[in-house]
Amino acid sequence: MTREQDEFLELDRAAARLGRVRSPATAEDRAVARMLPALLLLVAAAAACIPAIPEPRRDDADRMETTEERLTQARQRYLDKCMACHEAISPARHPSGQWPKWVARMEPGAELKPEDKELILLYLEAFSAP
Ligand code: HEC
């Protein structure tokens, strides 16, 4: 076989490989594109049902053996102190046993007074993940 024939065969194989690889991928892309509006709706619906930073109600206060006013104040303190560097993180993101560790880690940057820490932990634990 000549060098030219050899190179030609190699090009041919490369083209075949590309053909095989590309067509299923574009079909997949199209399928995803078709589903995208439905997916976006689903995400929006989920976001509407589960408030990221829930507002305390009476039964939440009872469960935490505190008052609704104090739990509302705790939520406000959380928003005041914990959004400076990143978006407010949903209390449901971590189980209650993990929150003291996270708050301790954020404490120096957030410049928390002991009372801030107590309130913020109360709020986070009230709405933490199970
Ligand atoms: C001075 C800036 C700053 C402040 C104020 C701050 N954070 Fe953070 N936080 C960070 C940085 C930077 C990271 C990512 C690096 C890391 O994990 O340490 C982070 C990460 C986190 C994470 C882990 C990421 C995740 O998705 O779970 C949690 C939880 C968190 N912060 C909670 C808090 C809470 C609660 C407060 C308020 C007490 C707070 N942060 C205030 C800077 C800050």
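1. Start with Pro56. Leaving aside residues up to four places away in sequence, Pro56 touches Ala61, Glu68, Leu71, Thr72, Arg75 and Ala126. Pro56 sits in the loop between helix H1 (3-49) and H2. Is Pro56 buried or exposed? Pro56 counts as buried, because 23 C-beta neighbours fall inside 10 Å and the threshold for burial is 20 or more. Pro56 and Glu69 are 13 residues apart along the chain, and their C-alpha atoms are separated by 8.7 Å.

2. Now the overall layout. This is a predicted model. The protein chain holds five helices and zero strands. Read from the N terminus, the elements run α-α-α-α-α. Of the chain's 130 residues, 12% count as buried. Take the contacts in the chain between residues at least 6 apart in sequence: 71% of them join residues at least 24 apart.

3. Next, the core. Which residues make up the largest nonpolar core? There are 10: Leu71, Ala74, Tyr78, Cys82, Leu119, Ile120, Leu121, Tyr123, Leu124 and Phe127. H3 and H5 each supply at least two of these residues. H5 gives the most, with five. In soluble globular proteins, nonpolar side chains tend to be buried together.

4. Ala74 deserves its own point. Ala74 belongs to the largest nonpolar core. Ala74 touches Leu119, Ile120, Leu122 and Tyr123, again not counting residues up to four places away in sequence. Of these partners, Leu119, Ile120 and Tyr123 are listed in the core with Ala74.

5. On to H5. This helix covers residues 114-126. H5 has 13 residues and spans 18 Å from its first C-alpha to its last, close to the 18 Å expected at 1.5 Å a residue. Which residues of H5 are buried? They are Leu119, Ile120, Leu121, Tyr123 and Leu124. The cover over these buried residues includes H3 and H4. An α-helix has 3.6 residues a turn, so residues three or four places apart point the same way. In H5, the buried list includes the consecutive Leu119, Ile120 and Leu121.

6. The ligand shell is worth a look. How many residues surround the ligand? The shell has 15, and the closest are Cys82, Cys85, Met106, Gly109 and Ala110. Helix H4 (residues 99-110) makes the largest contribution to the shell, six residues. By type, the shell divides into 10 nonpolar, two polar and three charged residues. Cys82 appears twice in this note: among the closest residues to the ligand, and in the largest nonpolar core.

7. Two backbone angles need a check. Most residues other than glycine have a negative phi, and most peptide bonds are trans. Glu65 is not a glycine, yet has a positive phi of about 55 degrees. Where does Glu65 lie? Glu65 is in the loop between helix H2 (58-63) and helix H3 (68-81). Glu65 is exposed, because 6 other C-beta atoms lie within 10 Å and the limit for exposed is 12 or fewer.

8. Glu111 is the second case. Its phi is near 50 degrees, a positive value in a residue other than glycine. Glu111 is found in the loop between H4 and helix H5. Is Glu111 buried or exposed? Glu111 is exposed, with 10 other C-beta atoms within 10 Å. In short, Glu65 is an exposed loop residue, and Glu111 is an exposed loop residue.

Methods. Residues are numbered from 1 along each chain as its sequence is written. This is a predicted model: local features need pLDDT of at least 70, side-chain atom pairs count only at pLDDT 80 or more; totals for chains, interfaces and linings use all residues. A residue is near a molecule or strand if its C-beta atom, placed from the backbone, lies within 6 Å of it. Helices (H or I, at least four residues) and strands (E, at least two) are DSSP runs, numbered from the N terminus. Ala, Val, Leu, Ile, Met, Phe, Trp, Tyr, Cys and Pro count as nonpolar, Asp, Glu, Lys and Arg as charged, and the others, Gly among them, as polar. The expected span of a helix is 1.5 Å times one less than its number of residues. Two residues are in contact if their C-beta atoms, placed from the backbone, lie within 7 Å. A nonpolar core is a set of buried Ala, Val, Leu, Ile, Met, Phe, Trp, Tyr and Cys residues joined through C-beta atoms within 7 Å.
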